[in-house]
Amino acid sequence: MIGSPSKHDMSFVTDQKALEYIQGFKDIEPVDLRLKYPGATENAIDFLQKILLFNPFFRMTIPDAIAHPLFDNVRGTKAEKYAGKPI
């Protein structure tokens, strides 16, 4: 789905053997999500493009994911409570 990672995408990989393994695969183009999911909304496509990234440091954060407009119709922000500490 996401295609082969670029050198920039692999910047977090520090193990040489892991890099060699990843680079051993043939180059694959990413799938056009609009063609793969023609009935998906723009918000759904945007959400997928922001979470389906090889490099975890480039992915959308969990708070950003929860706040994404894709979830506006199902999220009840008034009912949400902040725990104040990790649970």
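Modeller: A salt bridge here is a side-chain nitrogen of Lys or Arg within 4 Å of a carboxyl oxygen of Asp or Glu. The model is predicted: local features need pLDDT of at least 70 and side-chain atom pairs count only at pLDDT 80 or more, while totals for chains, interfaces and linings use all residues. Residues are numbered from 1 along each chain as its sequence is written, and side-chain values use heavy atoms, leaving out hydrogens and water.

Colleague: Happy to start there! How many salt bridges does the structure hold?

Modeller: Side chains of opposite charge can pair when their charged atoms come close. One such pair is Arg34 with Glu42, at 3.2 Å from N to O, and another joins Arg75 to Glu80. The number of salt bridges in the structure is three.

Colleague: How far apart are the closest N and O atoms of Arg75 and Glu80?

Modeller: Both partners are partly exposed, that is, between the limits for buried (under 20% relative accessible area) and exposed (over 50%), with a 1.4 Å probe and protein chains only. Arg75 has a relative accessible area of 30%, and Glu80 one of 41%. The closest N and O atoms of this salt bridge are apart by 2.6 Å.

Colleague: Which residue meets Asp46 in a salt bridge?

Modeller: Look along helix 3 (42-51); helices are DSSP runs of H or I, at least four residues long, numbered from the N terminus. The partner lies four residues from Asp46 in that helix, about one turn, and is partly exposed at 37%, as Asp46 is at 24%. With 3.1 Å from N to O, the residue that meets Asp46 is Lys50.

Colleague: What arc do the buried residues Ala44, Ile45 and Phe47 cover around the axis of helix 3?

Modeller: Ala44, Ile45 and Phe47 are buried in helix 3. Their arc, taken from the directions from the helix axis to the C-beta atoms, puts them on the same side of helix 3, because it is only 160°.

Colleague: Lovely. Which residue of the nonpolar surface patch is found in the loop between helix 2 and helix 3?

Modeller: Patch residues have over 30% relative accessible area and no salt bridge; like charges are joined within 9 Å, and nonpolar side chains (Val, Leu, Ile, Met, Phe, Trp, Tyr) within 5 Å. Met1, Ile2, Val31, Tyr37 and Leu52 form this patch, with about 400 Å² of accessible area together, by the Shrake-Rupley method with a 1.4 Å probe, where for residues only the protein chains shown count as cover. Partly exposed at 37%, the residue in the loop between helix 2 (33-36) and helix 3 is Tyr37.

Definitions and conventions: Helix = DSSP H or I, 4+ residues; strand = E, 2+ residues; numbered from the N terminus.
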